[in-house]
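Here's a quick briefing for anyone opening this structure for the first time. Have a look at the fold, then read on.

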Amino acid sequence: MPKRRCQDMQQRIADMWSQPSAFGEEDEPASVYLSIIANRYALVKGAQLIRDELLLSFNKPGYHNKNKSSHSPHLAQCAANLSLPSVLTTCGYTMCGDRICQSRALSQYKSMIAGRFGSMTEGGENKPEFFFATGGGTDSGPTLAHVTVGHALDSAIKKKMYTKNAESCFLCNIDVCTHCGHLEVGPGHSHNFLGNTYDGVGAVYGLAQESVFRDPRPTCGAIVGMISNFNMQNPVHVRLRNDLGEANFNYLKNNDVQADDGSSVRFLIAAAIIAIQGMRNTLDALGPGGELDERGVGHMTAQVQVNNREGFETILYCARATVFNGVITEQGLGTDASKFTAQMVTNKDGVQQVKLIYDGVQDSEALPIVVRTYDMKSESEHADMDTEEGIDVHMRPLSRSASWADMQRAAEEMMADEALDSDSDMSMASSHSVRKRSLQNKLGSRPRSKRGSLAKDQEPMEKSTELVVKTADKEGGIGFYWACVLVSAFYIALLSITLVFFSQGSVAGIQLPFFQTQSMPLRN
């Protein structure tokens, strides 16, 4: 492999971080999404963007079209030219499954972000990775990273891309989102929520009126319920509280944080922290966890969707981050609830919207860019996790510590231990034989040596039936076989006699009255 790798990507990441972004302010979804799009296009600038599955036809040029009797060689013309610097991209998105979130903001995300950086089917449809965890955020950051990378980056595709050009990379885009309701109270009105009465204040974040025909309800119900009425037996509450942090949980449970006009924003702060922590958990899996190799780049964001009545949503952009080659870079709001304040601002259309301020930094574009490093796995370590059978490294279990040789050696040791016991107890031999064949079937269709090739002393699998019969003979299975044959012969003979008995109407001179025919008088 060339020594010089992805130097252009290093520069593109630096260029991306030179672009300012605003955090903590409610804004139109399109405005926030365009800021994210600008960052991601900066990461692929000057490279060939590969997201269409047809561009991957270099991997299987002999694709067979089931609708025709011949192959479809013309699809090879769609293959990307891998001699050019290329970036293979995928896109993941998390959000609470609450139906109030399935509206305009999600539709715009699909068309604006997923339509540019998510994979595309052969039929031209976008296929981003969508995860709808209750309460939003992530069910598991490591699982989110593992699945999103593994589905996009086959080992064969990775190998061809990386060997053709030293600047080719893989870009994994993931957006971690939560949501929070927004209910206007306004002068002359009052509303009671969780024992607090809001009289004439601007808004309550944590409540949403889904329709003019419905009463307001807690939104997100999982986050509001976790803080106001935590249930240890509820795994969603446990997960959200873990992401929120114990100090933040206690602070927000006991303090109704308010904006400068009295609007309640504590549940909005909780939703922002959970989204940011979910982003960080996933970053740790992509980088230190080893999901991305030396050519893998991760771009992540944390967002809160603010639910308003009649499907009018806004997005509160919380944080952005990149992970590449041993470095994690992050900018945005933090995760200490006690450092949040809020004020209401008027947007260009005269609508009051919230602005979260973290650690006293009024200008959100001036929030510090934090850099941390981690030990990077080398390409050789990633290559060790591949096998000669071509199993995708990213589809392995999360520990990824056991190779084919390890599994084979463990199986041989287990079977050897059982073989020692079989000398003293013949009944163990039968179960050992069954377990051995079952284990071989699980590990692969053919037993392999430590090098992954066929063991010379092993018979081909075509003779497996013969081996099973011989084993049955040795273990006494022959008695059962002949018993089945004799019983079958007995029943065949009995059936034959019965057929003769009924067809002739007599057996050994005995007349069968129910088979004798009698003439019946005709009716006049």
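What follows is a short tour, from the whole chain down to a few helices and single residues.

Keep in mind that this is a predicted model. The chain has 524 residues, and 44% of them count as buried. Its secondary structure adds up to 14 helices and 18 strands.

**The chain as a whole**
- Take the contacts in the chain with a separation of 6 or more: 70% of them are between residues 24 or more positions apart.

**Helix 9 on its own**
- Helix 9 runs over residues 266-286, and 17 of its 21 residues are buried, so this helix is mostly covered.
- How does its span compare with what you'd expect at 1.5 Å a residue? The 21 residues should span 30 Å, and the end C-alpha atoms are indeed 30 Å apart, so the two agree.

**Helix 9 meets helix 7**
- Helix 7 covers residues 235-244, and its axis comes within 8 Å of the axis of helix 9, with a crossing angle of roughly 85°.
- Angles from 65 to 115 degrees count as roughly perpendicular, and therefore that's the label for helix 7 and helix 9.
- On the helix 7 side, the contact is made by Leu-240, Asp-243 and Leu-244. Helix 9 brings Ala-270, Ile-273, Ile-274, Gln-277 and Asn-281.
- Sorted by class, this contact of helix 7 with helix 9 has 5 nonpolar, 2 polar and 1 charged residues.

**Helix 9 meets helix 8**
- Helix 8 (residues 246-254) packs against helix 9 at about 165°, and the two axes are 10 Å apart.
- Anything over 145 degrees counts as roughly antiparallel, which means helix 8 gets that description relative to helix 9.
- The crossing of helix 8 and helix 9 is left-handed.
- Who touches whom here? Helix 8 offers Asn-248, Leu-252 and Lys-253, while helix 9 offers Arg-266, Ile-269, Ala-270 and Ile-273.
- By class, the contact of helix 8 with helix 9 has 4 nonpolar, 1 polar and 2 charged residues.
- Ala-270 and Ile-273 of helix 9 turn up in the contact with helix 7 and also in the contact with helix 8.

**Helix 2 and Gln-108**
- Helix 2 (residues 29-44) has 16 residues and reaches 23 Å from its first C-alpha to its last, close to the expected 22 Å.
- Plenty of names come up as buried in helix 2, including Pro-29, Tyr-33, Ile-36, Asn-39, Arg-40 and Leu-43.
- Just past helix 2, Gly-46 takes a positive phi of about 85°.
- Gln-108 sits in helix 3, which covers residues 104-117.
- Is Gln-108 buried or exposed? Its relative accessibility is 19%, and buried means under 20%, so Gln-108 counts as buried.
- Skipping neighbours within four places in sequence, Gln-108 is in contact with Pro-29, Ala-30, Tyr-33 and Ile-113. Pro-29 and Tyr-33 are among the buried residues of helix 2.

**Thr-329 in strand 13**
- Thr-329 belongs to strand 13, residues 327-332. Its relative accessible area is 9%, so Thr-329 is buried.
- Which residues does Thr-329 touch, not counting those up to four places away in sequence? They are Trp-17, Arg-320, Ala-321, Thr-322, Ile-369, Val-370 and Val-371.
- Thr-329 and Leu-283 are 46 residues apart along the chain, and their C-alpha atoms are separated by 9.8 Å.

Key
Residues are numbered from 1 along each chain as its sequence is written. This is a predicted model: local features need pLDDT of at least 70, side-chain atom pairs count only at pLDDT 80 or more; totals for chains, interfaces and linings use all residues. Side-chain values use heavy atoms; hydrogens and water are left out. Axes are lines fitted to C-alpha atoms, for helices over the stretch in contact, and angles run from 0 to 180 degrees between N-to-C directions. Helices (H or I, at least four residues) and strands (E, at least two) are DSSP runs, numbered from the N terminus. Angles under 35 degrees count as roughly parallel, over 145 as roughly antiparallel, 65 to 115 as roughly perpendicular and the rest as oblique. Contact means heavy atoms within 4.5 Å. Ala, Val, Leu, Ile, Met, Phe, Trp, Tyr, Cys and Pro count as nonpolar, Asp, Glu, Lys and Arg as charged, and the others, Gly among them, as polar. A crossing is left-handed if the near helix is turned anticlockwise from the far one by less than a right angle, and right-handed if clockwise. The expected span of a helix is 1.5 Å times one less than its number of residues. Buried means under 20% relative accessible area, exposed over 50%, partly exposed in between (1.4 Å probe, protein chains only).
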